[in-house]
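Student: Please take a close look at one helix and what surrounds it.

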Amino acid sequence: MSKKNKHNSTIDQVLTQMVLDIFEQNGNTPLNHKQVSAKLNVRDPDARGVILDILKNEAFKGVMKEVSPGKFQLLELKTFVEGKVDLTNDGSAFIVTDDPDETDIFVAPRKLRNALNGDRVKVYVYAKSRGKNQEGEVIEILQRNKMEFTGVVKLSERFAFFIPDDRKMMHDIFIPISDLNGAKNGIKAVAEITDWPAGAKNPIGRIKHILGVQGENDTEMNAILAEYGFPLSFPAEVEREAEEIPNDITADEIAKRRDFRDVLTFTIDPFDAKDFDDALSFKKLDNGNYEVGVHIADVSHYIIPDSALDKEAYERGTSVYLVDRVIPMLPERLSNGLCSLRPNEDKLCFAAVFELDEDANIVEQWFGKTVIHSDRRFAYEEVQDVIETKTGDYVEEIEKLNALAYKLRDRKFKAGAISFETTEVKFKLDETGKPIGVYVKERKDAHKLIEDFMLLANRKVAEHVSKMGKGKQKYTFVYRVHDTPKPDALANFAQFAARFGYKINTKSDKETAKSLNFLMEDVEGKKEQNVLTQLAIRSMAKAIYTTKSSSHYGLAFDHYTHFTSPIRRYPDVMVHRLLQHYLNGGQSANADHYEELCKHSSQMEKKAADAERSSVKYKQAEYLKDQVGNIFTGIISGVTEWGMYVEIIENKCEGMIRLRDISDDFYTLDEKNYAIIGQRKKKTYQLGDEVQIRVKNVDLTKKQIDFSLVQM
């Protein structure tokens, strides 16, 4: 198509859209071409004739109908929908609408109109494609998901192209030589799209900043952060604000708070932690009960709403934990300094304090601001050693806290909570960040002790606010909500678990939880643990932040929130602010405003999880790079129409065997039974099966590991 024809085609599309919009804006009232022209301020007779042609053409296509001579009407008012682009590997897309009951709309590659994965778009749905197989075309890009990409610069004499890492970014970016920003051929960088001329196949961009040499650890980790939209440093204004906060805690501030500095208090964290969000205080009371304080860093005391610090924390939403580094939500002066509950220092906290009897029943509870002085900084391993050997610092207090935690845990599971013990892969890294070993992190009583008291604080804070106000007068709050699993997803999982001899009772939520817990307990340490646990988790709904009070299915709590980690999660900062506002007698906050903040927080949480997973995949690929040709035993962890994923039992690294590479038969996917079946010999490879694999190829850039099947 010539440039002129392309230009005319674009004008026609825009004019057609303007005409169709008139009918939508006027409630689909029948109109003739003169009425449409008047509403568009078109007076020229030739232009009016063009509008009449459009109306007739759209009627011929089935978009409109001529309801009386010369008068037209849209066939169906809901011809236009908005949604998010979900791009497939072949360049086509499905538009996922906001209505969960609405069928996704298929859009062919040539009808995407340069929409990219994740973009919010307006789609015209063909009238003839109603029902299950809806088809349409993008008519407007409402909001770009992202305009920055990580990738590699490819340079020639007069121009350059940028090859994005993102497999769902189907277009290379054209970079004028003047916009290379010093980037050399083959260097890894971040490019920003600056223009996309109508009819052009490739967008135009500029190199925003250089990440470094491909394959170097820092380059690749920074590329992952940039890919998911996490900044690599704090703006100068944010750092300046952090530095200007005074170190000293004034006597006036202490006087406003409940003083716990003389009460035994300690922190329990990973041995390499630098930010200590939470501390436990412990005191045996004269009546034989126990006072346990869950003291949380009072971040909201230091971060003023709408300050540069606050805006930056909100935008980031969360700290990001890659394999070899933490990208904090707050500058180091706050995260590792002022707010961190370091030992032998006075620190400001927001606390949930409980009086518990011998059976861990709550006799009294109190929420408010405290000042503490941590007596000891424990690592998990040290507390575990105290529990196991019954010797060491504060042995009596730790033993009692552990006993109370056991009772809280037991009660939680009896109420229907689900115990998902996933295996967390950790790497031993050398000084350059290269992985030299892989191990699975163990969760023992010390981890669970802290977890159970954090859960108690989160739950009780949520319950406390949920009881404020009645009916429509309920107070706005930030809840952590986990919906019940979709019945069909759960039924599919139950069917698969049955192959391993596990019966999942789906008669009620409580029965489901009970049988899932039995499975999780029984499968622990077995080769199929990870496969079954991951599948079970996938059958569950995703937990989100919302102002709409609802239960947490996985924990079996009627109300739940995140109160205990404000150094690394922005929703916890919101929870602190709202709780203090209500404790001070404040009125209910604006629900719509907080719901928007919740949506953003949920999105950033997902991005952080994806970035963390991406860094693990990169390190797994890097670890297996030196193992090409070696044979391992693995478990089939996933099946698709083009191959099967296998997780190596020894090191938990996952790669793919492509079906085209299995030479003894022609294999196809049996989706219902999670299996790959040979068409001639009927040999079956099923999810959870043990197989021998050889490491065939490792592509670090794509974080892709290819295996070949070793047939016995």
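Tutor: Helices (H or I, at least four residues) and strands (E, at least two) are DSSP runs, numbered from the N terminus. This is a predicted model, in which local features need pLDDT of at least 70, side-chain atom pairs count only at pLDDT 80 or more, and totals for chains, interfaces and linings use all residues. Residues are numbered from 1 along each chain as its sequence is written, and side-chain values use heavy atoms, with hydrogens and water left out.

The part chosen is helix H10, residues 380–389. Its buried residues are Tyr380, Val383, Gln384, Val386 and Ile387; buried means under 20% relative accessible area, exposed over 50%, partly exposed in between (1.4 Å probe, protein chains only). Seen down the axis of H10, these residues fall within an arc of 155 degrees, so they line one face of the helix. The arc is that of the directions from the helix axis to the C-beta atoms. An α-helix has 3.6 residues a turn, so residues three or four places apart point the same way.

The cover over the buried residues of H10 includes strand S14 (265–269) and strand S21 (376–379). Helix H11 (395–414) and helix H12 (445–466) also belong to this cover, where contact means heavy atoms within 4.5 Å. After H10 comes Lys390, with a positive phi near 60 degrees.

Helix H8 (308–316) can be set beside it: Ala308, Leu309, Asp310, Glu312, Ala313 and Arg316 are buried there. Among the elements covering them are helix H5 (236–244) and helix H17 (591–625). H8 is followed by Gly317, whose phi is positive, near 80 degrees.
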